[in-house]
Amino acid sequence: MTGAEAIALTQRYQMGNYSRFPVTFVRGEGSWLYDDLGKPYLDFLGGIAVAILGHAHPAVTRAITEQAGRLVHVSNLFHVPVQARLGERLSVATTGGKVFFCNSGTEANEAAIKLARRWAFDHHGEGRHGIVVLEGSFHGRTYGGLSATAQPKFHQGFEPMLPGFATVPLGDIDALDEALTDRVCAFFVEPIQGESGVRMHPPGYLKEAETLCRGKGVLLVADEIQTGMGRTGSFLASERFDIVPDVVTLAKGIANGLPLGAVVARDEVAAVFVPGTHGSTFGGNPVCCAAALAVMDVLESAGFYDAVVRKGERLLEGLSEIAARRTDIRIVRGVGLMVGAEMACETKPIAAKCLDAGLVVNAATENILRFLPPLTVTEGEIDRALEILSAVLPAEGWKS
Ligand code: PLP
């Protein structure tokens, strides 16, 4: 099938809810993607923070193939060794609690919402079901995740949202304090907001938020779906901001591209999920778990996180150097390999030009260009990406 045929078929038979570039990828290797004509593209989006070990990582491919040949699915009515092992690995790598497996980020948040409400119900009785979220948050597209997503553009035409969600402004600790009433069971927070454009909290904010939550008996739920799995140079971004959440949600890079999500909660919270309270047919699928175990092995190999930090600094510095010579890049920010450039112009045309020139980057918002390369990206590939970006940025934006 040619790329043009794939595009025509997609347009004819799939719903139009995605705005797709007219490019058809047929193969990937490391940080590189190849289209149907064999043209290479440096992938600085990684399937939106999913291909954390790059494409076709040999250890992941081996794990998937071996597990697929042994056992693909049995349901959660039984025990499966790879799932059991992954639960242990995730618990040890995060907060030491217990794990619930699902298939995506929004499902992980959905489970965390149910967990928080049930925890409050079991401990405080009815009425303490409120959930506080931050303006600009993104927690998914199902009704729970969507209700927690405080961006009106995603709600339009889909109302009513679930009751019980309150939004506070980013960075305003007093507003958070006020919102955390005795009707609230949880505060959901992304350690760095991803979809709204790599937005960071002010220094100290997350620590103060943690103190507020602890003081008021409110669960601190860290949505680490985009920031977790080593993205910022530690397993969880929460570590970099010195907080210990009660509940963590994970997905995206967890199985390097296979659909898997997870919620990790400290034991006392996890205990409220008794048989019948929640479940998933596919959650914790053996093939996905085998891939995730291979991912964990690589993440926990010696020097891996240090390398992410080093490469992240190189990307940030390289972008800052470009920004210093231009009039249209306002600010460059990020932690580890989660980086954004705030532009004074529209980013979509820039992402399209990068794509044409063989670099995949993402226009996260109208004015934020986002970089989420595989964590295995090389320094040479970072330099190459910066060269391509420099070459395609509008000529009139260079300082004279
Ligand atoms: N939470 C965060 C922080 C995300 O970035 C995303 C996806 O971008 C989600 C939740 C939803 O994940 P999924 O698309 O796997 O449902």
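Me: What makes residues of helix α5, such as A112 and W119, count as buried?

Reply: A residue is called buried when its relative accessible area is under 20%, exposed when that area is over 50%, and partly exposed in between (1.4 Å probe, protein chains only). In α5, this condition is met by G105, T106, A108, N109, A111, A112, I113, L115, A116, W119 and A120. This is a predicted model, in which local features need pLDDT of at least 70, side-chain atom pairs count only at pLDDT 80 or more, and totals for chains, interfaces and linings use all residues. Residues are numbered from 1 along each chain as its sequence is written, while side-chain values use heavy atoms and leave out hydrogens and water.

Me: Why is α5 called a helix, and how do you know that its span is close to the expected one?

Reply: Helices are DSSP runs of H or I with at least four residues, strands are DSSP runs of E with at least two, and both are numbered from the N terminus. Helix α5 covers residues 105–124 and has 20 residues. The expected span is 1.5 Å times one less than the number of residues. For α5 this gives 28 Å, and the helix reaches 28 Å from its first C-alpha to its last. Just after α5, G125 takes a positive phi of about 85°.

Me: How do you know on which side of α13 its buried residues lie?

Reply: Helix α13 (residues 304–324) has 21 residues. Its buried residues are F304, Y305, A307, V308, K311, G312, L315, G318, L319, I322 and A323. The arc is that of the directions from the helix axis to the C-beta atoms. The buried residues cover an arc of only 155°, and they are therefore on the same side of α13. On the other side, D306, E317, E321 and A324 are exposed.

Me: What do the buried residues of α13 pack against?

Reply: Contact means heavy atoms within 4.5 Å. The partners of these residues are α12, β13 (329–335), β14 (338–343), β17 (368–371) and α15 (379–392).

Me: What makes the buried residues of α3 line one face of that helix?

Reply: The buried residues of α3 (residues 58–70) are V60, A63 and Q67. Seen down the axis, they fall within an arc of 65°, so they line one face. P58, T65 and G69 are exposed on the other side. The buried residues of α3 pack against α4 (81–93) and α12 (286–299).

Me: Why is a group of 62 residues called a nonpolar core?

Reply: The name applies to a set of buried Ala, Val, Leu, Ile, Met, Phe, Trp, Tyr and Cys residues joined through side-chain atoms within 4.5 Å. The largest such set has 62 residues, of which F44, F235, L250, L299, F371 and L389 touch the most other members. The largest share, 11 residues, comes from α12.

Me: How do you know where this core lies relative to domain 1 and domain 2?

Reply: The bounds come from an automatic or database domain assignment, which gives domain 1 (3–56 + 303–394) and domain 2 (71–299). Both domains give residues to the core, so it lies between them. Another core, of 28 residues, lies apart from it, and A112, A116, V133 and I225 are among its members.

Me: What area do domain 1 and domain 2 bury between them?

Reply: Buried area is the accessible area (1.4 Å probe) that two parts lose on being put together, summed over both. Domain 1 and domain 2 bury about 2,300 Å², 63% of it on carbon and sulfur atoms. In domain 1, Y305, V335 and M338 lose the most area to domain 2, together 30% of what that side buries.

Me: Why is D242 called exposed, and why is N256 called buried?

Reply: D242 has a relative accessible area of 52%, and because the limit is over 50%, D242 is exposed. N256 has 12%, and because the limit is under 20%, N256 is buried. D242 has a positive phi of about 60° although it is not a glycine, and phi of N256, also a residue other than glycine, is near 55°. D242 is placed in the loop between α10 (237–240) and β11 (247–250), and N256 in the loop between β11 and β12 (261–265).

Me: What makes Q193 a buried residue?

Reply: Its relative accessible area is 1%, which is under 20%, so Q193 is buried. Q193 lies in strand β8 (residues 192–193). Leaving aside neighbours within four places in sequence, Q193 is in contact with L134, E135, G136, S137, L170, V198, R199 and M338.
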